[in-house]
Amino acid sequence: MTPRDKYIRKNLVKSFCIIAPDSSVILDYAFMEKGFKIKVDYLIKDIQSIGITCEILPKVITEITKKLVFAAESYMRILRRCKFLVSKFLGSPLNQVEVEKNIVTIIEKSFSGLIEEIERKRYPQFRQKIKELNVARIIETAVMLELRQTLLESEEISLEDFFNRLEDKFEEKYEEFNNSVNSLFEAIKAEKICKDKIPEPSEKLRKILRKKCEVNELPDVDLLCEAISRMYSTNKWYAIVSTDYGIVNNREAIDKFTLLTVSDPLYVFFHLDQKVDLALNPIEGAKRQGIPYQMFIKSFIPPGVA
């Protein structure tokens, strides 16, 4: 092993590899998720240091949009439910009630009732219930922080205006999330890839991902199909970077059967360095490993062939 081989070969990784963050990485950054955001900051610094090409796949754009809209709708729905319960417990219109310290007990009672409602409700998937409970707790914290500030400043305001102000702040927060996503894209110089730049994946590829790689979630299958099709059509090593361990935990099988890298942000450049050890491009690597890459795309056209 030469001294050069002891370290990540940044020039090779930059020249022959592409990184594609998935929606979990982007939303961890936008929502400043504790623990995960540290990983994303680490990833951004490495991307900037190496100068590697970054792409945002169509499925990722769709997922980000859906999750941001869902978060905004969940926040408003739960906040308005809290507002309804407060009015119910008080037995008076909120525009006739002034914010004062005794309201704290009503807020606490309202959120206890709201949490019980979520606990009793049936959801198609248990993780949906967990998400709803987490949103409720986040909103409870936001309401109490705003209430605390209002009481400390001895501000005279009706409960109606108090809740309207909270809605306005949540709308501002939604804009902040969108701005955070855009600033992340700018920081890593990410290119949004159009659907027409990705060859249509075959049913064989989908079957491999479901049966051999044990990827069960349809959105994950769709994302991996886009990434694999893009990898072989550009003939550059491709890495999906994710903090979603539902997909990361299947990384070895995905690599074995398709050569696509799926990685936690902490390890992605080590994995890509290993890929350029195998071959300088995925088509050559697939030939060496006996992987039927041409069957992954419905109408495979070799890179560079018009």
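**Figure 1. Cys 54 and the cysteines of the predicted model.** Cys 54 is buried in this predicted model, with a relative accessible area of 1%. Cys 54 takes part in no disulfide, and the nearest cysteine sulfur, that of Cys 17, lies 12 Å away. The count of disulfides comes to 0. Cys 82 is likewise buried, and its relative accessible area is 0%. A disulfide is a covalent bond between the sulfur atoms of two cysteines. Within the sheet, Cys 54 of β2 stands opposite Ile 19.

**Figure 2. The open sheet and its strand order.** The sheet is open, has 5 strands in the order β3-β2-β1-β4-β5, and is paired in parallel. β3 (191–192) and β5 stand at the edges with a single partner strand each, so one side of each has no neighbour in the sheet. Strands of a sheet pair through backbone hydrogen bonds, either parallel or antiparallel. The pairings, taken along the sheet, are these:

- β2 and β3 run parallel and are joined by 2 bridges; the bridge partner of Ile 56 in β3 is Lys 192.
- β1 and β2 pair in the parallel sense, again over 2 bridges.
- β1 and β4 run parallel and are joined by 5 bridges.
- β4 and β5 run parallel, with 3 bridges between them.

**Figure 3. Strand β4 within the sheet.** All 5 of the 5 residues of β4 are buried, so the strand is largely enclosed by the rest of the structure. Both of its faces are covered: Trp 237, Ala 239 and Val 241 are buried on one side, and Tyr 238 and Ile 240 are buried on the other. In a regular strand the side chains alternate between the two faces of the sheet. Toward β1, Tyr 238 of β4 stands opposite Ile 18, and Ile 240 of β4 stands opposite Ala 20. Toward β5, the bridge partner of Val 241 is Ser 263.

**Figure 4. Helix α2 and its surroundings.** Helix α2 spans residues 23–30 and is mostly covered, with 8 of its 8 residues buried. These residues are Ser 23, Ser 24, Val 25, Ile 26, Leu 27, Asp 28, Tyr 29 and Ala 30. They pack against three strands and three helices in the following list: β1 (17–21), α3 (36–50), β2 (53–56), α4 (58–90), α7 (159–187) and β4 (237–241). Met 32 follows α2 and has a positive phi, near 55°.

**Figure 5. Lys 59 in helix α4.** Lys 59 is found in helix α4. At 16% relative accessibility, Lys 59 counts as buried, because the cut-off for that class is under 20%. Leaving aside residues up to four places away in sequence, Lys 59 touches Pro 219, Asp 222, Leu 223 and Glu 226.

**Figure 6. Loop residues with positive phi.** Most residues other than glycine have a negative phi, and most peptide bonds are trans. Asn 235 is not a glycine, yet its phi is positive, near 55°. Asn 235 is placed in the loop between α9 (218–234) and β4. Leu 259, also a residue other than glycine, has a positive phi near 75°. Leu 259 lies in the loop between α11 and β5. Leu 259 is buried, with a relative accessible area of 2%.

**Figure 7. The second largest pocket.** The second largest pocket has a volume of about 200 Å³. Elements that give two or more residues to its lining are α11 (251–258), β5 (261–263) and α12 (268–278). Of the elements, α12 gives the most to this lining, with 4 residues. The lining consists of Arg 251, Glu 252, Asp 255, Leu 259, Leu 260, Thr 261, Val 262, His 271, Gln 274, Lys 275, Leu 278 and Gln 289. By class, the lining holds 4 nonpolar, 4 polar and 4 charged residues. Leu 259, one of the lining residues, is the buried loop residue with a relative accessible area of 2%.

Note on methods:
Residues numbered from 1 in each chain as written. Predicted model: local features only at pLDDT ≥ 70, side-chain atom pairs only at ≥ 80, totals over all residues. Heavy atoms only, no water. 1 Å grid on protein atoms, 1.4 Å probe; cavity = no way out; pocket = protein on both sides within 12 Å on 5 of 7 lines; lining within 4 Å. Points joined across faces, edges and corners; volume = space filled by probe spheres on them. Nonpolar A, V, L, I, M, F, W, Y, C, P; charged D, E, K, R; others polar. Buried < 20%, exposed > 50% of the residue type's maximum accessible area, 1.4 Å probe, protein only. Contact = heavy atoms within 4.5 Å. Pairing = 2+ DSSP bridges. Disulfide = S-S within 2.5 Å.
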